[in-house]
Amino acid sequence: TVKAGKMEAVPIAGTDRFTISALPSKGQLQLVKDETGIMRFQWKDRVAQVVDEDVNHMVFPGDASFVKVVTGREGDRVYMLQFSSNANRRFFFWLQDKDDKDDAELTGKLNEYMNNPEV
């Protein structure tokens with residue numbers, strides 16, 4: 001699991017850009033296999049201990065990647081779940097661990113497990 005909050009992406013009129021804003025909820029990203037063996041990328045509220053059904057996506061090897069977003073602001077820890085089969089299917093998150101030293105390792109493991117669930 002990776003401690004992360006959700007972000008809201010609002011299109012900027014007349015452009016292909018978005019304004020992305022952090023939502024305050026404390027959460028975590030997790031990969032779980034459902035009862036049929038399908039891998040799911042989920043966001044779970046750490047306070048209520050409930051999975052948000054809006055962020056409960058089936059992922060298949062090679063179908064998605066979790067990548068850092070360059071915002072132009074130092075210290076931002078914004079990441080995006082991007083589906084390769086549909087460029088418009090993307091979800092934004094901000095990492096919530098106090099220390100950013102493990103960000104690359106945690107997100108690397110998330111990508112590895114999403115794309116090679118047998119590891």
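1. The second largest pocket of this predicted model has a volume of about 220 Å³. Of the 13 residues that line this pocket, M7, A9, R90, F91 and F92 are the closest to its centre, and the elements that give two or more residues to the lining are β1, β5 (50-58) and β8. By class, the lining divides into 7 nonpolar, 1 polar and 5 charged residues.

2. The largest pocket holds about 300 Å³ of space, and its lining is made up of M7, D16, R17, F18, I20, V69, T71, R73, V78 and F92. In this lining, 6 residues are nonpolar, 1 is polar and 3 are charged.

3. Turning to the interior, the largest nonpolar core has 18 residues, and those with the most contacts inside it are L29, F41, V59, F66, L81, F93 and M114. Two or more residues each are given to this core by β1 (2-11), β3 (27-33), β4 (39-45), β6 (64-68), β7, β8 (90-95) and α1 (103-115). A second, separate core of 5 residues includes M7, V78, M80 and F92.

4. For V59, the contacts outside its neighbours within four places in sequence are with L31, M39, R40, F41, A64, F83 and M114.

5. Is Q82, which lies in strand β7 (residues 78-83), buried or exposed? Q82 counts as buried because its relative accessibility is 16%, and buried means under 20%. The side chain of Q82 is joined to that of R90 by a polar contact of 3.4 Å. When neighbours within four places in sequence are left aside, Q82 is in contact with D63, A64, S65, A87, R89 and R90.

Technical notes:
Residues are numbered from 1 along each chain as its sequence is written. This is a predicted model: local features need pLDDT of at least 70, side-chain atom pairs count only at pLDDT 80 or more; totals for chains, interfaces and linings use all residues. Side-chain values use heavy atoms; hydrogens and water are left out. Buried means under 20% relative accessible area, exposed over 50%, partly exposed in between (1.4 Å probe, protein chains only). A polar contact is a pair of N or O atoms within 3.5 Å; within protein, one must be able to donate a hydrogen and the other to accept it, and residues adjacent in sequence count only if both atoms are side-chain atoms. Contact means heavy atoms within 4.5 Å. A nonpolar core is a set of buried Ala, Val, Leu, Ile, Met, Phe, Trp, Tyr and Cys residues joined through side-chain atoms within 4.5 Å. Helices (H or I, at least four residues) and strands (E, at least two) are DSSP runs, numbered from the N terminus. On a 1 Å grid over the protein atoms alone, a cavity is a set of points where a 1.4 Å probe fits but cannot get out, and a pocket is an open set with protein on both sides within 12 Å along at least five of seven lines; lining residues have an atom within 4 Å of a point. Grid points are joined across faces, edges and corners, and a volume is the space filled by probe spheres set on the points. Ala, Val, Leu, Ile, Met, Phe, Trp, Tyr, Cys and Pro count as nonpolar, Asp, Glu, Lys and Arg as charged, and the others, Gly among them, as polar.
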